[in-house]
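This report covers internal space, surface features, backbone angles and charge pairs. The sequence and the structure follow.

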Amino acid sequence: MHSTLFLILRRMRTPLILLILSYAVSILGMTLIPGVDADGRPAPPLDFFHAFYFVSYTATTIGFGEIPVAFSDAQRAWTIVTIYLTVIVWLYSIGTILGLLQDPALQRAIRANRFESAVRRLRQPFYLIAGCGETGVLLLHALDSRNQQAVVLDIDAARTSELELGQLHLDVPALTADARLPESLIAAGLHHPQCAGVIALTNDDAVNLSVAVTTKLLRPELPILCRADLLDTAANMASFGVEDVVNAFELFGEHLGIAINNPGHHLLYQWLTGVPGEPLAMPMEPPRGRWLVCGYGRFGKAVARHLDKQGNQLVVVDEHPPADHERTVTGRGTEAHTLLEAGIEQAVGIVAGTHDDINNLSIAMTARQLKPGLFIVLRQNRHANAALFERFAAHATVQPSSIVAHEFLSLLTTPLLPRFFSLALHQGDAWADIALSRIAAVVGDTVPEVWVRELSKTGTLAIWQALGEGRTILLGDLLRSPSNRDAQLACVPLLLKRGNAEILVPDNELPLMDGDRILFCGESHTRLQQALGLQDYNMLDYLLTGNQAPGGLVWRKLAGRGKP
């Protein structure tokens, strides 16, 4: 507000001074020039009040016309000077005001003031998101669908303007500013008591690193989620305590390797990270053997590294192939002769991973014509080209922005899920097959919803009260249906975390304790049904005993006194 006021006063200084001087000179003249009375005899000049009154309606071109007495010729002459002087000054002042309203600096200052005011008024937890490109928009819509508030910073004014016109249910404050500056993060609510975390999503690793450093220094207790396109940047962030760093290329390469070596584990990942309600994914099962990697940038290197770990033979196709690689072919891969030279006839898979969507589609179409049964991995750089990639229907389509957004959403909404995947990788294929069978048995053929329950006073009041009374509650009791305790809810417990201890797929007979965090997956409506027994003591008592016991604390005590 101070900067806006200062800018207005600085730009309006000259017009204000000219207005004051023109009024002062005009009024002074009217108080000094003698007039005439009704009989034409000399009369004293106007007093200050009447002079001010006359100049006020004359200078503003109102032309009210009321004067105490008729003017003398000298007063009429001075009135002409007053009219031209004040009207010209007013026109200049109005032009300055109109120019000021269109001044980009003033508009930025006004938007910044409105933004800071909107952030100060927030009364619910929010995430500070730096970067609102394709990844940021995807994450924002996902958070908005869950009624999770966010605040956005982006260097591009067009992006923040589009966000204001976006179809979001919540009012998301957005500001065009450089996230590298600490003052921008502070204005966006870094010190706000309701700030729940900071998410760095820009396409510049240096900016994301700067956001992480600033947050660690000013609010070290806040969780930080960062995007990193380079391994060196990810290592730098991890060195000062940033635990959640997502590299989309490395993440996909890792999952591609898992799909080759452990297809059951990869299918489990697809089922638990998909969009709830959509059809369950089928196993991807990429083959082992000779792979062509077209485009050896960051994405190509990441995929090639993980394919090589699984014992596959690699041929790199690039306009500037690396000198340290054994098998390389110079070219873009869009031409048939280049792919034939790379040995596509003996290949089992191809990766079209350049930074150009049209080139990637051209590579894939050419490869499919040369060898129809080839396993195709296709990189999609722009979300706007989704219709083209869906039409082609590759075995695996990689959209980096979607990968980062889904990974961050998983970390924010179900923080135990990444830990579950990490523990599950140490289990064998037989364990993964059993887990898939249990999930399919309760959700049918649609993607399950995943949620976390934390046993605490704020999250599960009835459980907390019952445990405080010394009652024993088993994990299986949370799986009973509120309408019929003998029926099971359509959900599966995946992980229980108790302090530093972690139990993978816990048994239903496991006694629960205050502070336990449990990861569930199941049908969407099951989460709401389960919540009834977690908050309502009467419902919980029914689930435990089958009795319709009184629910309030006073009624429970009275009921206890009446027992023999």
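## The largest cavity

Helix H21 (524–535) and helix H22 (537–545) each contribute two or more residues, that is at least two, to the lining of the largest cavity. H21 gives the largest share of that lining, with four residues. The structure is a predicted model. Within it, one cavity of 30 Å³ or more is counted, and the largest cavity encloses about 50 Å³.

Residues that line the largest cavity include Asp477, Leu478, Arg480, Pro482 and Leu489. Also in the lining are Gln529, Gln530, Gly533 and Leu534, together with Leu540 and Leu543. By class, six of the lining residues are nonpolar, three are polar and two are charged.

## The second largest pocket

The volume of the second largest pocket is about 740 Å³. Its lining is made of 30 residues, and those nearest the centre of the pocket are Glu407, Leu411, Pro418, Arg419 and Ser422. The lining of this pocket holds 15 nonpolar residues, along with six polar and nine charged ones.

Several elements supply at least two lining residues each: helix H10 (231–239), strand S8 (244–246), helix H11 (248–261), helix H12 (263–273), helix H17 (400–413) and helix H18 (416–424). Of the lining of the second largest pocket, the largest share is that of H18, at six residues.

## A nonpolar surface patch

Ile17, Leu18, Leu21 and Tyr92 form a nonpolar patch on the surface, with an area of about 360 Å². Three residues of the patch come from helix H2 (residues 13–32), which is the largest share.

Ile17 is one of the residues in helix H2. Ile17 has a relative accessibility of 45%, so it is classed as partly exposed, since that class runs between 20% and 50%.

## Positive phi angles

Most residues other than glycine have a negative phi. Asn147 departs from this pattern, with a positive phi of about 60 degrees although it is not a glycine. The residue sits in the loop between helix H6 (134–145) and strand S4 (149–154). Asn147 counts as exposed because its relative accessibility is 54%, and the exposed class begins over 50%.

Val505 also has a positive phi, near 45 degrees, and is a residue other than glycine. Val505 lies in the loop between strand S17 (501–504) and strand S18 (517–522). Is Val505 buried, partly exposed or exposed? With 23% relative accessibility, Val505 is partly exposed.

## Salt bridges

Side chains of opposite charge can pair when their charged atoms come close. The model contains 16 salt bridges. One of them joins Glu335 and Arg332, with an N to O distance of 3.8 Å. Both ends of this pair are partly exposed: Glu335 has a relative accessibility of 25%, and Arg332 has a relative accessible area of 39%. Arg159 and Asp156 form another bridge, in which the closest N and O atoms are 3.8 Å apart. Arg159 is partly exposed at 31% relative accessibility, and Asp156 is partly exposed at 30%.

Which residue is the salt-bridge partner of Asp486? The partner is Arg485, and the closest N and O atoms of the two are 3.9 Å apart. Asp486 counts as exposed because its relative accessibility is 62%, whereas Arg485 counts as buried because its relative accessibility is 17%, and buried means under 20%. Elsewhere, salt bridges with shared partners connect Asp154, Asp156 and Arg159 into one network.

Conventions. Residues numbered from 1 in each chain as written. Predicted model: local features only at pLDDT ≥ 70, side-chain atom pairs only at ≥ 80, totals over all residues. Heavy atoms only, no water. 1 Å grid on protein atoms, 1.4 Å probe; cavity = no way out; pocket = protein on both sides within 12 Å on 5 of 7 lines; lining within 4 Å. Points joined across faces, edges and corners; volume = space filled by probe spheres on them. Nonpolar A, V, L, I, M, F, W, Y, C, P; charged D, E, K, R; others polar. Patch = residues over 30% accessible without salt bridge, like charges linked within 9 Å, V, L, I, M, F, W, Y side chains within 5 Å. Areas by Shrake-Rupley, 256 points an atom, 1.4 Å probe, with all protein chains shown as cover. Salt bridge = Lys/Arg side-chain N within 4 Å of Asp/Glu carboxyl O. Buried < 20%, exposed > 50% of the residue type's maximum accessible area, 1.4 Å probe, protein only.
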